[in-house]
Amino acid sequence: MNELLKMISDNSSYIILGLSGVSILLLIVVIYQSISISGLKKRYNKMMTGEETGTSFEKMMLDHIEEVRRVSAANEKLNEKAKDMDALLNLAITKVGVIRFRAFEDMGSDLSYAVALLDSNDDGVILSSIFGREDSRSYVKPIEHGKSSYTLTKEEEEAMRKALNG
């Protein structure tokens with residue numbers, strides 16, 4: 001222990017000089033940090049009070065939250081309308097099958113037809129028209145789940161098959 005005290009007393013001027021240098025260096029670091037923090041504090045205050053933009057950060061955030069609420073409410077309304085439109089679309093005619101045919105051998109053209117009109121649940125009607133020289137007849141047959149309670153002609157069955165297969 002005596003040796004340590006002797007070494008410190010012999011080199012006290014160097015130790016004081018070294019500690020002074022470290023103190024000066026730490027003082028410079030503290031001053032630099034204070035200046036940096038001061039600059040950041042000024043920028044923070046400008047942002048929070050809105051000196052540069054004219055709107056405070058708090059007001060911007062509150063406005064943004066209100067805008068998000070408005071968009072969310074509008075989005076909810078759009079989702080409801082989309083559901084309503086989906087339900088309505090399920091009832092719309094989305095499947096069509098058309099067959100033209102010649103009903104009588106002595107007629108020269110395929111003026112008769114069968115048209116199947118179905119919705120997405122395969123419900124709808126088959127319209128048929130048979131064209132003859134002296135008269136023309138039309139028929140309507142209901143379709144439920146891809147089947148009719150009435151007997152279908154081969155042309156009507158083909159029109160329904162076309163509609164069902166897209």
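Here a trainee and a mentor talk through the labels used for this predicted model.

Trainee: How do you know how confident the predictor is in this chain, and which element has the lowest mean pLDDT?

Mentor: The mean pLDDT of the protein chain is 89, and 99% of its residues reach 70 or more. Helix α1 (residues 2-10) has the lowest mean among the elements, at 80, while strand β2 (residues 112-118) has the highest, at 96.

Trainee: What makes the contact between D63 and K59 a salt bridge?

Mentor: The cut-off is 4 Å from a Lys or Arg side-chain nitrogen to an Asp or Glu carboxyl oxygen. For D63 and K59 the N to O distance is 3.1 Å, so the pair is within 4 Å and earns the name. Both belong to helix α3 (residues 57-91), where being four residues apart separates them by about one helical turn. Residues three or four places apart in an α-helix point the same way, because there are 3.6 residues a turn.

Trainee: Why are D63 and K59 called partly exposed?

Mentor: The label covers values between 20% and 50% relative accessible area. D63 has 39% and K59 has 45%, so each falls in that range.

Trainee: What makes R70 and E67 a salt bridge, and how are they placed in helix α3?

Mentor: Their side chains meet at 2.4 Å, N to O, so they too are within the 4 Å limit. R70 and E67 are three residues apart in helix α3, which again means about one helical turn. R70 is partly exposed at 46%, and E67 is partly exposed at 37%.

Trainee: And K83 with E80, at 3.9 Å: why is that still called a salt bridge?

Mentor: The value of 3.9 Å, N to O, is within 4 Å, so the pair counts. K83 and E80 are three residues apart in helix α3, about one helical turn. Their exposure labels need a careful look: K83 has 54% and is exposed, because that is over 50%, whereas E80 has 38% and is partly exposed.

Trainee: How many salt bridges does a search of the whole structure find?

Mentor: Seven, and the pair D63 and K59 is one of them.

Trainee: How do you know that the length of helix α2 agrees with what its residue count predicts?

Mentor: Helix α2 (residues 12-49) has 38 residues, which should span 56 Å at 1.5 Å a residue. The C-alpha atoms at its ends are 54 Å apart, so the two values agree. Just after α2, G50 takes a positive phi of about 80°.

Trainee: What makes the phi of D122 and of H145 worth pointing out?

Mentor: Most residues other than glycine have a negative phi. D122 has a positive phi near 60° and lies in the loop between β2 and β3. H145 has a positive phi near 55° and lies in the loop between β4 (136-143) and α4. H145 is also called exposed, because its 60% is over the 50% cut-off.

Trainee: D119 is buried, so how do you know that it has no salt bridge?

Mentor: The nearest side chain of opposite charge, K95, is 6.8 Å away, and a salt bridge has to be within 4 Å, so the pair does not qualify. D119 is found in the loop between β2 and β3 (124-131). Leaving aside neighbours within four places in sequence, D119 is in contact with N90, L91, A92, I93, T94 and K95.

Trainee: What makes the largest nonpolar core a core, and which residues are in it?

Mentor: Its members are buried nonpolar residues joined through side-chain atoms within 4.5 Å. There are 11: I99, F101, A114, A116, L118, I126, I143, L152, A159, M160 and A163. Strand β1 (95-101), strand β2 and helix α4 (154-164) each supply at least two of these residues. A159 touches G97, I99, A114, V115 and A116, not counting residues up to four places away in sequence.

Trainee: Why is K154 called exposed?

Mentor: K154 has a relative accessible area of 62%, over the 50% cut-off, so the label fits. Its place is in helix α4, and its C-alpha atom is 33 Å from that of A87, 67 residues apart in sequence.

Conventions. Residues numbered from 1 in each chain as written. Heavy atoms only, no water. pLDDT = per-residue confidence, 0-100. Helix = DSSP H or I, 4+ residues; strand = E, 2+ residues; numbered from the N terminus. Buried < 20%, exposed > 50% of the residue type's maximum accessible area, 1.4 Å probe, protein only. Expected span 1.5 Å × (residues − 1). Lys, Arg positive; Asp, Glu negative; His and termini not counted. Contact = heavy atoms within 4.5 Å.
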